[in-house]
Amino acid sequence: MASAIPVLPDQRIAELSAPYREALAAKRRTTLVGLLVLAVLTMAAARVAEVDPGKFLANISRFTDYFGRLFYLDTGKLVFTDVAEWFWGFGKWARHIVDTLLIAYLGTLLGAIFGFFLCFAATVNMAVSPAQRFVARRFLEFCRTVPELVFALIFVVAFGLGPVPGVLAIMIHTLGALGKLFAEVVENIDMKPVEGAIAAGATRWQAIRYAVVPQVLPNFASYALLRFEINVRGASVMGFVGAGGIGAELIEAIRKFYYSDVSAILVLIIATVMVIDVVTERIRHGLISPEHAR
Amino acid sequence: MTPSRIFSDHTGIKSRHGALIRGSARERFLPFVVAGLLLALAAFAMFRLEFSLGRLGPGIVQLGTFLGLMIPPSPGGHLASLAKALAETVAIAFLGTLLAAVLAFPLGFLAARNTMANAVVRFMTRRFSDTIRGVDTLIWALIWINVVGLGPFAGVLAIMTSDIGSFSKLYSEAIEAIDRKGSEGVLSTGGSSLHAIRFGIVPQVMPVLISQVLYYFESNTRSATIIGIVGAGGIGLHLAEMIRTYDWDKVAFIILMILVTVAIIDFLSSKLRLAIVGKRSLTS
């Protein structure tokens, strides 16, 4: 069967392979230049960030050492041999974990509510004027670009230590992040119901209530749940700056070298995050799939 | 908008098809039940977290005072040291992202169903990346400070560690979503499975991976601004210090610097993404 494959004349092959080789060489050159630029940037960044592979290699034993020590109790036994001793502070830590979850929940809920009312102003199809859209978009950008921990630091000074600044910081960040996502959802809706509602004499917010919200609610809820998941992680470190939750216990344990406490709290945080991930994923699939099936 | 009487026999239709118009009991009451539960939980949270008007009111007044003191923003003679700290922040984000992107590359293949047949390896890789992703960057920074000491290097390692988890998850999802024809073609012409990965899968997933890495570079710049709070280098240290000493004009200046930097990086990375990936969407 090999003879069935037509063989091109040599001249034709030469004609075709020359541009092929050229194209290949050009692509190689681009990749090479790209890698060179990347290498130069990396060297520069490494200088600025005081990267020291020597120090890293010399101290890497401390890393493994540290992790090893996390799994030993003060008595020198492995943590798994005496779980009751390992989790001696379980009641206290569990209460802080509940607080962390409540901070994340309240921050997400308030942020989602404000994000809902603000998102329409940031859309192409529902904003009253380009000026309103510009202002709304810049505001949402500001809220999500400033890290929530920075807000938390400022709010701790204004509102005092405790979970209140944590909730407010998460709320502002969530409002910025969700406002943007909500606006994108609203921009992709079918405008016919909105036109119908307005033709029938609806005001802007009536049109939103009866023509937009039914279309976007499942997506909004899904994004809010996803954000809740992220915020649980965020709330777990709010305590580092005194803004409530389990973070305060964790940073104290790390700073005071209570190794087994560090690992116990980390295990609790990781387990909580994983449970929340699984639960919200279930709910989100339930929210989105029946909508698609319809 | 009360339903108007469009039909001549409105009450008749309503009495005959009432169940259809009103919907089932479940459809009618579910929204109220869900909203009620959400609100009840919110009320409980407010009670437990000691939310009170007596606390919010004075706090908001104080925030207003701070805002007033923030104008005009000024570097207060520290411009050079702030610029250096900001460069450090960007360097931390850049190196952390790059190291994580490289180190997570093999993990992505180990966690993808179509490149790793062994379910045990796959499961272990996924749980590993889930675990390191469950720990916040700031916690990793604290742990790395114990190893390499205070300074930006700990920040690089912290960003790297937490991103390895995210990247290996994103990579494996991209690898699982590819078109199989390329690697089947390579295998059918006698290539090994490594050949299939190199010539059948990598060319397909590379643009997707690069664009995800670029997205993360931008968000890591934001993370890198705060790891300084725990002593892992960058502008965060200055920011926390200025907030503690109530230097609000400097705080405002640093925040503006961060906003501008993030905007520049956002602009550059989206240009780069367009150049590398073209105009196709991230998920395709």
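Domain bounds here come from an automatic or database domain assignment. The model is predicted: local features need pLDDT of at least 70, side-chain atom pairs count only at pLDDT 80 or more, and totals for chains, interfaces and linings use all residues. Residues are numbered from 1 along each chain as its sequence is written, chains are lettered from A and ligands numbered from 1 in the order in which they are written, and side-chain values use heavy atoms, with hydrogens and water left out.

**Stop 1: the domains.** Select chain B. Colour domain 1 (10–70) and domain 2 (79–277) separately. Their C-alpha centres lie 37 Å apart. Now take chain A, with domain 1 (2–51) and domain 2 (87–293). Here the C-alpha centres are 45 Å apart.

**Stop 2: a bent helix.** Helices are DSSP runs (H or I, at least four residues), numbered from the N terminus. Select α9 of chain A, residues 204–235. Its 32 residues have end C-alpha atoms only 36 Å apart, short of the 46 Å for a straight helix. That expected span is 1.5 Å times one less than the number of residues. Where does α9(A) bend? Go to A:V213, where the bend is about 60° (the angle between axes fitted to the seven residues ending there and the seven starting there). A proline, A:P214, follows within four residues.

**Stop 3: two helices cross.** Select α6 of chain A (148–159) and α4 of chain B (53–70). Their axes, lines fitted to C-alpha atoms over the stretch in contact, come within 8 Å and cross at roughly 120°, on a scale from 0 to 180 degrees between N-to-C directions. Show side chains: the contact (heavy atoms within 4.5 Å) includes A:F155 and A:F159 of α6(A) and B:L63 and B:F66 of α4(B).
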